[in-house]
Amino acid sequence: QKMPPSLPATINIQEPRWDQSTFQGRAKHFFMVTDPRNLLLSGATLEEARRVVENYRAGMVPPGLTEDQLWRAKYIYDSAFHPDTGEKMLLVGRMSAQVPMNMTITGCMLTFYRTTPAVLFWQWVNQSFNAIVNYTNRSGDAPITPSQLGTAYVSATTGAVVTALGLKSLTKHLPAIIGRYVPFAAVAAANCINIPLMRQRELKLGIPVTDESGNRLGESTAAAQKAIFQVVVSRIGMAAPAMAIPPVIMNMLEKRAFLKRYPYLNAPLQVGLVGFCLVFATPLCCALFPQKSSMAVSSLEPEVQDQIRKKDPWLETVYFNKGL
């Protein structure tokens with residue numbers, strides 16, 4: 001039996017498999033990255049994927065390796081290891097954990113929104129989870145100190161809880177359907193607080209910017225601001241369908257005899273509806289902006305522009321990892 005021809009060492013696995021300049025290409029990429037089945041992979045499978053990817057990057061191609069196997073290893077590697085540091089990411093902070101974690105937390109937030117203790121508890125759980133995700137998927141390779149992490153976490157959680165309770169008190173005399181949207185408004189507001197706070201080090205010191213080939217040119221705070229803005233928009237978009245559609249359906253169902261007869265089905269139904277929305281909303285909203293984002297050199301801070309001009313006077317565009 002003939003061996004398949006050896007794979008060339010020229011496939012660029014630094015980039016995703018699909019064209020990232022199109023929304024469709026980015027969506028295909030993120031459907032792979034956010035696939036919850038990646039959470040079930042064993043440590044040995046992750047290490048094997050890392051070995052295949054690192055060997056291939058070093059020019060060592062194992063005999064019999066196919067292109068599909070290479071890309072599969074690359075996506076397993078990307079799902080578990082940070083793109084800038086190479087560290088194995090916390091399990092619940094990985095993008096593949098977004099759907100199962102968010103469907104549980106969001107479903108419970110939408111179910112138990114009527115009492116103040118429940119609002120406090122689920123907003124705290126949600127912001128604790130968001131803090132882990134924002135830290136795990138930060139851009140750049142600079143470390144963040146425990147005190148910075150603690151300050152950011154407490155500020156973001158307090159902001160979310162205060163927002164939720166404030167909105168809840170405002171909607172007391174409004175129709176019930178309006179009250180159901182308090183969790184979404186609180187989550188949207190909290191994302192605007194939590195993400196910049198968890199990534200404040202990037203806003204102070206900047207994130208690495210590179211040329212098209214990946215050569216590091218310096219650190220830019222302007223790039224960090226753009227990266228964080230894009231992530232905030234994506235996260236709010238991700239939450240919107242899961243927190244906007246189920247309340248309408250549940251409001252209709254609660255008026256029917258079925259849920260009155262079986263009230264214990266309220267939470268599972270809500271979690272299931274949220275999960276269905278998130279399976280699509282998570283990758284599609286991650287795909288709103290390219291992961292390898294770009295900006296004009298002229299939009300960077302003057303000192304970073306000068307630094308880049310010394311290295312490459314004709315360079316017009318720089319690239320950076322926006323984080324997730």
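In this predicted model, the end C-alpha atoms of residues 227–249 lie 35 Å apart, and the span is 100% helix and 0% strand. This span is one of two, residues 227–249 and 269–289, that UniProt lists in an unreviewed entry under "transmembrane region". Over residues 269–289 the chain is 86% helix and 0% strand, with 32 Å between the end C-alpha atoms.

**The nonpolar patch**

On the surface there is a nonpolar patch of about 800 Å², which is made by F23, F31, F229, V233, F276, V279, F280, L284 and L288. The elements that give two or more residues to this patch are α1 (23–33), α10 (221–253) and α12 (266–286). Helix α12 gives the most, with four residues. F280, one of the residues of the patch, lies in helix α12. How accessible is F280, as a relative value? Its relative accessibility is 41%, so F280 counts as partly exposed, since that class lies between the limits of 20% for buried and 50% for exposed.

**A239 in helix α10**

A239 has its place in helix α10. With a relative accessibility of 12%, A239 counts as buried, because buried means under 20% relative accessible area. A239 and T282 are 43 residues apart in sequence, while in space they are 8.2 Å apart, taken from C-alpha to C-alpha.

**Enclosed and open spaces**

A239 also leads to the enclosed spaces of the model. A search of the whole structure finds two cavities of 30 Å³ or more, and in the largest cavity lies about 180 Å³ of space. Its lining consists of 15 residues, and those nearest its centre are N102, N130, V187, R235 and A239. The elements that give two or more residues to this lining are α4 (98–111), α5 (116–136), α8 (182–198) and α10. Which of the elements gives the most to the lining of the largest cavity? That element is α10, with five residues.

The largest pocket has a volume of about 1100 Å³. It is lined by 43 residues, and of these Q14, P83, D84, K292 and N321 lie nearest its centre. The elements that give two or more residues to the lining of this pocket are α1, α3 (67–80), β1 (207–210) and β4 (317–321). Helix α3 gives the most to the lining of the largest pocket, with four residues. Helix α1 thus has a place in two of the features described here, as an element that gives two or more residues to the nonpolar patch and to the lining of the largest pocket.

**Salt bridges**

Side chains of opposite charge can pair when their charged atoms come close. A search of the whole structure finds nine salt bridges, and the table gives some of them.

| Salt bridge | Closest N to O distance |
|---|---|
| K292 with E15 | 3.1 Å |
| E47 with R50 | 3.3 Å |
| K74 with D78 | 2.8 Å |

K292, which is among the residues nearest the centre of the largest pocket, forms a salt bridge with E15. The pair links distant parts of the chain, for K292 is in strand β3 (residues 292–296) and E15 is in the segment before α1, 277 residues apart. K292 has a relative accessibility of 31% and therefore counts as partly exposed; E15, with a relative accessible area of 27%, is partly exposed.

The pair of K74 and D78 lies within one helix. Because K74 and D78 are four residues apart in helix α3, they are separated by about one helical turn. Is K74 buried or exposed? At 4% relative accessibility, K74 counts as buried, whereas D78, with a relative accessible area of 22%, is partly exposed. Elsewhere, salt bridges that share partners join E47, R50, E54 and K88 into one network.

Within that network, the side chains of E47 and R50 meet in a salt bridge. These residues are three residues apart in helix α2 (residues 43–57), so about one helical turn separates E47 from R50. E47 counts as partly exposed, at 36% relative accessibility.

Definitions and conventions:
Residues are numbered from 1 along each chain as its sequence is written. This is a predicted model: local features need pLDDT of at least 70, side-chain atom pairs count only at pLDDT 80 or more; totals for chains, interfaces and linings use all residues. Side-chain values use heavy atoms; hydrogens and water are left out. Patches are made of residues with over 30% relative accessible area and no salt bridge: like charges are joined within 9 Å, nonpolar side chains (Val, Leu, Ile, Met, Phe, Trp, Tyr) within 5 Å. Accessible areas come from the Shrake-Rupley method with a 1.4 Å probe; for residues, only the protein chains shown count as cover. A salt bridge is a side-chain nitrogen of Lys or Arg within 4 Å of a carboxyl oxygen of Asp or Glu. Buried means under 20% relative accessible area, exposed over 50%, partly exposed in between (1.4 Å probe, protein chains only). UniProt positions are given in the numbering used here, feature names are shortened, and annotations may be inferred rather than shown by experiment. On a 1 Å grid over the protein atoms alone, a cavity is a set of points where a 1.4 Å probe fits but cannot get out, and a pocket is an open set with protein on both sides within 12 Å along at least five of seven lines; lining residues have an atom within 4 Å of a point. Grid points are joined across faces, edges and corners, and a volume is the space filled by probe spheres set on the points.
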